[in-house]
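User: I would like to learn how helix packing and buried cores are read from a model. Could we begin with a pair of helices?

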Amino acid sequence: MVAENFRRIVIGFFAGAVVAFAVATPSVAAEPPNAAVNSTDSILKWINSYRSRPDPESLPAVVQALSAMQAFKDAETCGAYIGFIAGVLSANPSRAESLITKMISIDPAVHWVLVRAVAYSGLPHWRELLSTFADRMPMRHALVDKYLAGELPTLEQINYAPKMPGVMDKMRAALHLTDTNAKKPVTLTPSPELIDVLWGFYLATSTYAPIGRIVKLLPLANDHDSVDNLTTGSAAKFTLASNAVRDLQLLSMLKWAEKHQPENVSPVLKDVIETAETVDTVRMRKESLAAIDELKQKGPDSKRELSGWGQVGQGALSMGCVVAAATGQIELGLPCVLGGAAYSAGVQYVSH
């Protein structure tokens, strides 16, 4: 019964993503600022159409509205918003300080959103920006200090090939046979929440950089030793294909990128492109769910221990939940947030 309930939860989120990405291409110009802040639905429509008519000066009002609506209360479901803010800052380096000045009036409890967006922006002077605003975000001094010290990763430090510890690794750690004092590199672990961030960045910029990072995650879709990796890779694969069905600019990007990919990426990307061209996302969704379900039932291919699998990883069940809405889900009248309490309840049910 536990397995079946978990499977229904995962199917629900994949099904929601299918609908969400069916209207990914902006078909109308961005709405005026006064219409953009009326509701979460109108904000998401504004974000979705932003690429057709960039309006960075409206970003502060939108962020303030999102803060008032408590859209940032759950760190696991606001990755797309963070990525979008980061993307707007990245595309407007000369306006970045002014935009942050206008956004900093949001609830101090969610200043972490601005800190992370600045760090993820990739601006040459992002550290100077954080230093400039540190005193105006006293509740987030520790977070700012960690980014400035290089103790927290940025989008430049994604670990595209994360290795999960096996039985022998755990035994060596238990017997203290490993050097626990060895300094580990600071990296950003791939996750569905990270994919949300990258899609948000793309919605703000229409550039290849965030898409290229998602493409590099595609080999994880063939990792049958880790539920986390397989789920993240499947999310990368599925969201690329689903968005490319209607976003012809994205499809062109993927076709260009496929010619320059290594052997472990090219076959998966070819499948993404073919799926988008034939509008066969239903098949891809079913295959992804089947692979995750098989790994859960039969265990990893390498026969390593799959302990604590219910702790799939923060955001795994809610993959694409917010970015799904940001790319048009709300136009069909569906809820803009699919994670939060439903996600937590699902994980708790499976874990116990």
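Analyst: In this predicted model, where local features need pLDDT of at least 70, side-chain atom pairs count only at pLDDT 80 or more, and totals for chains, interfaces and linings use all residues, helices α11 and α13 (residues 227-244) pack at an angle of about 30°, with their axes 9 Å apart. Residues are numbered from 1 along each chain as its sequence is written, and side-chain values use heavy atoms, with hydrogens and water left out.

User: How is the angle of about 30° between α11 and α13 to be read, and which residues of α11 and α13 make the contact?

Analyst: Axes are lines fitted to C-alpha atoms, for helices over the stretch in contact, and angles run from 0 to 180 degrees between N-to-C directions. Angles under 35 degrees count as roughly parallel, so α11 is roughly parallel to α13. Contact means heavy atoms within 4.5 Å, and P192, I195 and W199 of α11 meet residues of α13 including T231, A235 and L240.

User: Which helix gives the most to the largest nonpolar core?

Analyst: A nonpolar core is a set of buried Ala, Val, Leu, Ile, Met, Phe, Trp, Tyr and Cys residues joined through side-chain atoms within 4.5 Å, where buried means under 20% relative accessible area (1.4 Å probe, protein chains only). The largest such core has 81 residues, with F84 and L240 among those having the most contacts inside it; helix α11 (residues 192-205) gives the most, with nine residues.

User: Why is α5 described as largely enclosed?

Analyst: Eleven of the 13 residues of α5 are buried, so the rest of the structure largely encloses this helix; F84 is one of the buried residues. Leaving aside neighbours within four places in sequence, F84 is in contact with residues including W46, Y50 and F201.

Note on methods. Buried means under 20% relative accessible area, exposed over 50%, partly exposed in between (1.4 Å probe, protein chains only). Helices (H or I, at least four residues) and strands (E, at least two) are DSSP runs, numbered from the N terminus. Angles under 35 degrees count as roughly parallel, over 145 as roughly antiparallel, 65 to 115 as roughly perpendicular and the rest as oblique.
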